[in-house]
Amino acid sequence: MNRVRAVILRRLVGAVAVLAIVIVGGFFLLEAAPGDAVDAYVVSTGGDAGMIEELRKAWGLDRSPLARFGLYVWSLAQLDLGRSVTFSRPVLNVVLERLPNTLLLMGSATALSFSLGSLLGILAGSRPGSFRDRLLSIGSLALYAVPGFWLGLVLTVLFSVQLRWFPVSGIETIASGKQGLDRALDIGRHLVLPVASLGLIYLALYLRVMRAGMAEAWRMDFVLAARARGLPRRRIVIGHVARNALLPLVTMLGLQSAAMLGGSVVIESLFSVPGLGRLAQEAVAGRDTPLLLGIILVSAVLVVLINLAVDILYAVLDPRVGAGEAA
Amino acid sequence: MTLRRFLHSPEALAGAAIVSALAVMALVAPLLFPADPLSIAGRPLTPPFQDWSLPLGTDRLGRDVLAGLFHGARTSLAVGLAAASAAIVAGSLVGTAAGFASGLTDDVLMRITDAFQTVPGFLLALAFVSVAGPSLATVVGAIALGAWTGPARIARAEILSIRERDFVAGARIVGMHPVEIALREVLPNALPPVLALSSVIVAGAILIEASLSFLGLGDPNRVTWGGMIAEGRAVLRSAPFLSIIPGIALVLSVLGVYLVSEGVVEASATRRSLS
């Protein structure tokens, strides 16, 4: 496992550098925004002008920008992301409260787009250039052109307003008193439309990567050999062609995570799912820059962690990765 | 040859037709609908195909949906093109600088690119618009902020491969200034692959602009398709057409841009494999 450890080490160094840059960028954002932490605190708790000056001194906000940056980094190191104006609470608490819902939404949407996308990709790639392939390729492109929030609205009109199958918004029935399995089913019913709106759009990417990989694999010698041996077509498609096209899909998982986090802002706002994305929209509406910055930092950490996990998975699956470094 | 292959693909032709229609709509909007599209044109909530002076009906405030559609095409196209141009110019410059400088500068620039790709682009756009205030220019800037990384990476990779070629070595021997070599010899040769990315960026920009407008963060003085969809949401049960019509326009436009881009890539790829 020396090889995998080398990959992890290299990625960790890169991740630290990236997060440092994000923090510097976040500081600039905080400086550019109107008002500072004291204004936010006074707005949320009430206070007079004399107290404002005192607080500014106590919090070091009257010092030079460089000193303020030092203080900012120091508080981040202590996991203090500042105070939310709209919630009058520490940013980290608010963000962590909302994170599980977003993870549930993103995880389900990723599972949907990955499984359905690769399955349709196999259908398209099993006969490249066929009518079925062209139809699936165009169809997926059309789906990728749909804005998530509009797909959500159309699904709402169809399945909530017309058919009344699924609830219009929220993550669970309020004050229903449901417990255990009942509650899980209730949350599941609420999540069907948001997950479909978010997952169906990214399905196209997995389909296209799968299809492209398969189209390439068909030209490889080992596939030719398998055909020459007279293996049934079905076995060639699954065991030889699709299998070799699967690896790039793993990379897509990592690349997609940032886009999906962004997409969840609109979807969560549309379906009133109390997650990180809706929180971002609330932060913008309430001019709550510390909260918005906290969400950005936590999202960046999340994307870094997901990509790290994907890199490790990739190194485990593909023995060629990092082989040179460990030797 | 490339053009002929492009014209032989029905998908590419369909895409070109859609994009041309979009461009025409954007151009003739002020001629066909000279009145402010945000002003009241008729009875509120007129359904489509009832009143022939208002073919697609009116919204909650009695504004002409068709006029909104035409003027919205203008906003979408303008934002898409402006954001993509800004992203490509900025990305090419960063990529060129990184590719030429190598060493520490390259490392730092590429780490910054990594960082921008780590933060979800839409969150970045939200943050930028919320600090700078919603206007057409800030929306363009916000979208470009999340879109320049792709062109930067490709430009850098191209530069790295071109800078070692003979004609660059020749220019160096002749005594050209490094900046002149970068801008006159290398960059023009590195640009085509970067430009190939432009239509995908335009499509992405149109979608992000629509999402921002849907959340109420677009330019409040302009009609946008995203804003129209958000408007219609309030009467989704009684008048779903108000949200559905601008959505179809959005999907068609973005799909058209994608199809054109596919067609161009495919046509030039076949040419390369033939030569």
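Q: What makes α8(A) shorter than a straight helix, end to end?
A: α8(A) has 38 residues, but its end C-alpha atoms are only 47 Å apart. The expected span is 1.5 Å times one less than the number of residues, so a straight helix would reach 56 Å, and α8(A) falls short of that.

Q: What kind of model is this?
A: This is a predicted model, in which local features need pLDDT of at least 70 and side-chain atom pairs count only at pLDDT 80 or more, while totals for chains, interfaces and linings use all residues. Residues are numbered from 1 along each chain as its sequence is written, and chains are lettered from A and ligands numbered from 1 in the order in which they are written.

Q: Where in α8(A) is there a kink?
A: The kink lies at A:Leu191, shortly before the proline A:Pro194, and is about 40°. The bend at a residue is the angle between axes fitted to the seven residues ending there and the seven starting there.

Q: How do you know which elements make up chain A?
A: Helices are DSSP runs of H or I with at least four residues, strands are runs of E with at least two, and both are numbered from the N terminus. Counted this way, chain A has 14 helices and zero strands.

Q: Why is the set around A:Ala280 and B:Leu123 called a nonpolar core?
A: A nonpolar core is a set of buried Ala, Val, Leu, Ile, Met, Phe, Trp, Tyr and Cys residues joined through C-beta atoms within 7 Å. Buried means that 20 or more other C-beta atoms lie within 10 Å of a residue's own, with C-beta atoms placed from the backbone. The largest such core has 155 residues, and A:Ala280 and B:Leu123 are among those with the most contacts inside it. Helix α8 of chain A, residues 180-217, gives the most to this core, with 16 residues.

Q: What does B:Leu123 touch?
A: Two residues are in contact if their C-beta atoms, placed from the backbone, lie within 7 Å. Leaving out residues up to four places away in sequence, B:Leu123 touches A:Gly262, A:Val265, A:Ala280, A:Ile295, A:Ile296 and A:Ser299.

Q: How many residues does each chain bring to the contact?
A: Chain B brings 35 residues and chain A brings 41. On the side of chain B that touches chain A, α12(B) gives the most, with eight residues.

Methods. Buried ≥ 20, exposed ≤ 12 C-beta atoms within 10 Å, placed from the backbone.
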